[in-house]
Amino acid sequence: MSVEPGHPSNPDPDGGLLKGESWRIFQIMAEFVEGSERLAALGPTVSFFGSSRVAADHPWYESAQDTARRLAEAGFAIVSGGGPGIMEAANKGAQQGGATSVGLNIQLPREQIPNAYQDIRLYFRHFFARKVMFVKYASAYVVYPGGFGTLDELGEILTLIQTGKSRRIPVILVTQSYWQGLLDWMAQSLVAEGSIDRTDLDLLCLVDRPEAVLEAVLDHYRGRGIEPSQKERERQLDL
């Protein structure tokens, strides 16, 4: 179907906007290609989420750094959002533990400053491409206290697992005093109203100590392979 210049359905008769949108597809493709090439060869990884506003002397920062170090020593590469706060703590702990430290940096209107503890730095314009990289190669998710961004990532993870788009792996919430209220609300509202099944709450594990995070991850994979099965790999192609 052709649309004449000036027609209400063609507000850009010279095609400038449409051309720009078309070229943006190649930018998106480039983000997926580079991310896949750099992350696919890392082996088992753990993705960390949490607030960028946490100072280096905060107990949550120290806990995240310790947790990442323990996971790194156990053989997991560590992936964070590449910024300050919990992200920096995770990358720092990864290097202390001798594992590859990855930062998935996002370009924002208010510029995010990459932390100094990244062995692999990837840069994204698009949140959705970045989210896929957090999920596609992860063997576990560690979620520290955070704000809207952390909640968005947590919701995305749970949705992908619940709907079968992603394999079921540990989703570990750290700091009971911070997350318990959310879990209570899920039980009292979402489950009570039938919005989710009670068994969906089993997707989440709540802990307080760094050693408990490592225990939860190792317990999940005890007696099974840590790499995704062929069926799981095929399913994740549709992420």
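This is a short guided tour of a predicted model, with suggestions for what to select at each stop.

**The whole chain**

Start with everything shown as a cartoon. You should be able to pick out eight helices and seven strands. The C-alpha atoms fill a box of roughly 65 × 45 × 40 Å along the principal axes. Of the 239 residues in the protein, 44% are buried. If you turn on a surface, about 12,700 Å² is exposed, with carbon and sulfur atoms supplying 52% of it. For contacts with a separation of 6 or more, residues 24 or more positions apart account for 70%.

**Colour by confidence**

Now colour by pLDDT. The mean for the protein is 89, and 92% of the residues reach 70 or more. Then select residues 1-11, where pLDDT stays under 50. The model has six contacts beyond four places in sequence for this stretch. Where pLDDT is low, the predicted coordinates should not be read in detail.

**Strand β1 and its rings**

Select residues 45-49, which form strand β1, and begin at Thr-45. Is Thr-45 buried or exposed? With a relative accessible area of 3%, Thr-45 is buried. Leaving aside neighbours within four places in sequence, its contacts include Phe-76, Val-79, Tyr-137 and Ser-139.

Next, show the aromatic side chains: the whole structure holds six aromatic pairs. One of them is Phe-48 with Tyr-144, a stacked pair at 6.4 Å centre to centre and 10° between the planes. This pair links distant parts of the chain, as Phe-48 is in strand β1 and Tyr-144 is in the loop between β5 and α5, 96 residues apart. Phe-48 counts as buried at 1% relative accessibility, and Tyr-144 counts as buried at 0%.

Move along to Phe-49 and Tyr-141. Their ring centres are 6.3 Å apart with planes at 40°, so this pair is tilted. Phe-49 lies in strand β1 and Tyr-141 in strand β5, so the pair ties together parts 92 residues apart in sequence. Phe-49 and Tyr-141 are both buried. Add Phe-134 to the selection, and you have a cluster of Phe-49, Phe-134 and Tyr-141 linked by ring pairs.

**The nonpolar core**

Which residues touch the most other members of the largest nonpolar core? They are Phe-48, Leu-71, Leu-104 and Tyr-141, in a core of 55 residues. Helix α7 gives the most to this core, with six residues. Centre the view on Leu-104: leaving aside neighbours within four places in sequence, its contacts include Leu-39, Val-79, Leu-122, Phe-124, Met-133 and Phe-134.

**Helix α7**

Select residues 210-221 to see helix α7 itself. Its 12 residues reach 18 Å from first C-alpha to last, close to the 16 Å expected. Its buried residues include Val-213, Leu-214, Val-217 and Tyr-221. To see what covers them, add α2 (59-73), β5 (138-143), β6 (171-174) and β7 (204-207), which are among the covering elements. Just after the helix, Gly-223 takes a positive phi of about 85°.

**A last stop in a loop**

Finish at Asn-115, found in the loop between β3 (101-106) and β4 (120-124). Despite the loop setting, Asn-115 is buried, with a relative accessible area of 2%. Show what surrounds this side chain: beyond its neighbours within four places in sequence, Asn-115 is in contact with Ser-80, Gly-82, Gly-83, Met-87, Glu-88, Asn-91 and Arg-121.

Note on methods: Residues numbered from 1 in each chain as written. Predicted model: local features only at pLDDT ≥ 70, side-chain atom pairs only at ≥ 80, totals over all residues. Heavy atoms only, no water. Helix = DSSP H or I, 4+ residues; strand = E, 2+ residues; numbered from the N terminus. Buried < 20%, exposed > 50% of the residue type's maximum accessible area, 1.4 Å probe, protein only. Contact = heavy atoms within 4.5 Å. pLDDT = per-residue confidence, 0-100. Expected span 1.5 Å × (residues − 1). Core = buried A, V, L, I, M, F, W, Y, C linked by side-chain atoms within 4.5 Å. Areas by Shrake-Rupley, 256 points an atom, 1.4 Å probe, with all protein chains shown as cover. Phe/Tyr/Trp six-rings, centres within 6.5 Å; stacked < 30°, edge-to-face > 60°.
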